[in-house]
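Biologist: I am new to this structure. Please take one strand and look at it closely, then carry on to the side chains that pair elsewhere.

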Amino acid sequence: MSDKNNEGMNLEEYYKGLYEKETKKNEELTRAIVTLEEENAELNRKLGKVKNSTLFKLIRPVRNLWARFKNAVIRVKRYGNLKNVIEKLKSKKIERNAYKLHGTASFPSPEEAARQRDTVFKEKHVFSILVPLYNTPEKFLREMIESVTAQTYSYWQLCLADGSDKEHIYVGEIVDEYIKKDREISPTGESRISYKRIKNMGISDNTNECFELAKGDYIALLDHDDLLHPSVLFYYMKEIEKSGADFLYCDEATFQGESINNMITLHFKPEFAIDNLCANNYICHFSAFTRELSERAGRFRREFDGSQDHDMILRLTDKAHLIKHVPHIFYYWRSHAGSTAADINAKTYAINAAKGTVSAYLKSKGFKDFEVESTKAFATIFRIRYAITEKKKISIIIPSSDHRDDLKRCIDSVITRSSYENYEIVVVENNSKDAATFDYYKELESVPVVKVVKYDKEGFNFSALINFGVANSDGDYLLLLNNDTEVITRTWMEELLMYAQRRDVGAVGAKLYYEDYTIQHAGIVIGLGAHRTAGHTHYGLSRDNLGYMGRLMYAQDVSAVTGAALMVSREDFNRVGGFDEDFAVALNDVDFCLKLRHQGLLNVFTPFAELFHYESASRGNDVDGSDSAKAKRYDEEAARFRDKWKEDLEKGDPYFNPNFSLDHSNYTLKSNVAMVSD
């Protein structure tokens, strides 16, 4: 009884000490806030005085030039160092060359177009392409229609519901012209263009009127000012015949001016990823889906006008049997004044509609008390704050061997910077020799949330240490943490837990930085790197970098995350048998994540849990060539990994578009990117 009483008193004293420290901090912070508010008010008064001065107004051109220069400097800094800037310039050069390859140069030759038209498929699926028209400029209208009539797969129907006003009566006249032309070339002798004049009721209801015209067994969505690649339906048919997909989408390009060759963005997308799709409508164009699927999902909903496609895609993909991504640029999104492609802020209502869309989807899946916020990457790229359903115990497993200062920094940061309270820290001691390390372990005996367990076997086997630490812990969730990490984000455990608590999620990884705030980890791609095993994306970029298409700004599905800061439920850890001890040092975390994925679970990277990772500070580097024994061991484990996951590696990482080079971590396109072919 006395031991228990002493333990209770120690625990009470420990938390009382922490409480007193926090109370003192709060008092100091309150005083600091009051002082800052007073200073801020005075600065705003002075700033207002300056802005209203004649001189400030006269030097506006100079200020604009300075702002442009400053923005250019900021953009360069986002790449972390000169090496990354050079890599980005090389990447941009490759991208500019790709513009040529993915524009009209990618269109089939007359001979190839004839071959595609003559191809006989087992089934003649008809694609009903829905296009609501509204005051469409003549040039845009003609180019859109002609991009459909030029399709090398002939079984389509263009469904046009025209809500144009009286000043744009020419829209119907132009459509009638194409209806007559199509009768002459249609394989059935009937025009494949269906037109209906309607009262303008908004984008959703207007598109629903297009549905009323549709006769095909597949439905597709096209904007009235955009263009299709002439082979898109042909390649969709090939995929349908191959897999039976009931929902398809492709990559797309944004262009401006007179030609699709004037590209400003190429968007190469991942395979279906629900967390990506909740964060932003990355699928967007060119969506095609079965009539049966659309009937189950329902029609467009007017309350989401401005983000109606995102709403529809979320509902369709939720009910789809098989979603397929065709990784080619087959859709050309026109950027012009007032279009969403030009500036989402030109359609502010679309931002609120997009938030409503995501919220409605999450509610339909049973989520409650979440928040959807815009990020600095883009107004319609979202951070989703899921509510923690139960504050269950988290066991933080830290393997460690000597390096007392690294371990102390790590543990101190967890204890002093974590807002989550229900956790334990399990230090797995592995053959330390330094007396200072054991002196520190003695200090930790007075910290109730920390315990040290000794792993007696000789040698370093990270997987075995993790498994041993887990066996000596009792939390519902496991947080694997390297001893050379340091917490940055106070809510880091909550940010990881909000995903790990989901039944469809396996591992969740954090965003890790080197000491200079350049990125060490932001998700892992299998097959990436010289060894063609796995590599970190966005490696070495600065903390402020937005990433490819904003991907450093939102939580997303990935193939794997690093074990340096990884959360998983105990249930899922046990479900896959923990870490494979055949991978003693390298690739054990990737192997673990792939095992989770093969159980049908998602692995998630979140940029909102941030830590420093002084990578390999406590163990050294295996692949820099400085230690031949370590390099040999890495080569052996890499070979073992390639053999074990051969099929996955051959298929490619589903979240890394095959048009990207596996030699670069920053989403650089392949320099010899192939033209569209069979």
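Modeller: The strand comes first, then charged pairs, aromatic rings and one loop residue.

This is a predicted model, where local features need pLDDT of at least 70, side-chain atom pairs count only at pLDDT 80 or more, and totals for chains, interfaces and linings use all residues. Residues are numbered from 1 along each chain as its sequence is written, and side-chain values use heavy atoms, with hydrogens and water left out.

Start with strand β1, residues 127–133. Helices (H or I, at least four residues) and strands (E, at least two) are DSSP runs, numbered from the N terminus. Seven of the seven residues of β1 are buried, so the rest of the structure largely encloses this strand. Buried means under 20% relative accessible area, exposed over 50%, and partly exposed in between (1.4 Å probe, protein chains only).

Look at the two faces of β1. One side carries F127, I129, V131 and L133. The other carries S128, L130 and P132. Both faces are covered, and all these residues are buried.

Now its partners. Two strands pair if DSSP finds at least two bridges between them. β1 runs parallel to strand β2 (residues 156–162), joined by seven bridges. Here L133 stands opposite D162 of β2. β1 also pairs with strand β4 (residues 218–221), again in the parallel sense, over four bridges. In β4, A220 is the residue opposite I129.

A helix joins the picture too. β1, α6 and β2 make a right-handed β-α-β unit. Right-handed means that, with the strands pointing away from the viewer, the path from the first strand over the helix to the second runs clockwise.

Helix α6 leads to the charged pairs. Side chains of opposite charge can pair when their charged atoms come close. A salt bridge needs a side-chain nitrogen of Lys or Arg within 4 Å of a carboxyl oxygen of Asp or Glu. By this rule there are 42 salt bridges. One of them joins the side chains of E143 and R334, at 2.6 Å from N to O. E143 sits in helix α6 (residues 138–149), R334 in strand β9 (residues 323–334), and the pair links parts of the chain 191 residues apart. R334 is buried, at 1% relative accessible area. E143 is partly exposed, at 21%.

A second salt bridge joins E571 and R503, at 3.6 Å from N to O. E571 lies in helix α18 (residues 570–575), and R503 in the loop between α17 (492–500) and β17 (505–513), 68 residues apart. E571 is exposed, at 53%. R503 is partly exposed, at 45%.

A third stays within one helix. K651 and E647 meet at 3.5 Å, N to O. They lie four residues apart in helix α21 (residues 646–651), so about one helical turn separates them. K651 is exposed at 67%, and E647 is exposed at 51%. Elsewhere, salt bridges with shared partners join E138, R142, E177 and K181 into one network.

Next, the aromatic rings. Rings of Phe, Tyr and Trp (its six-membered ring) pair if their centres lie within 6.5 Å; planes under 30 degrees apart count as stacked, over 60 as edge-to-face and the rest as tilted. The whole structure holds 33 aromatic pairs. In one, F268 and F660 have ring centres 6.0 Å apart and planes at 75 degrees, so the pair is edge-to-face. F268 lies in the loop between β7 (263–267) and α10 (274–279), and F660 in the segment after α21, so the pair ties together parts 392 residues apart in sequence. Both F268 and F660 are buried. F660 also pairs with Y667, with centres 5.2 Å apart and planes at 90 degrees, so this pair is edge-to-face. Y667 is buried, as is F660.

The rings also bring us back to β1. F127 belongs to one aromatic cluster with F121, Y153, Y155, Y218, F234, Y235 and F330.

Last comes a loop residue, T375. This residue lies between β10 (371–374) and β11 (382–385). T375 is buried, at 14% relative accessible area. Leaving out residues up to four places away in sequence, T375 touches I381, F382, R383 and M553. Contact here means heavy atoms within 4.5 Å.
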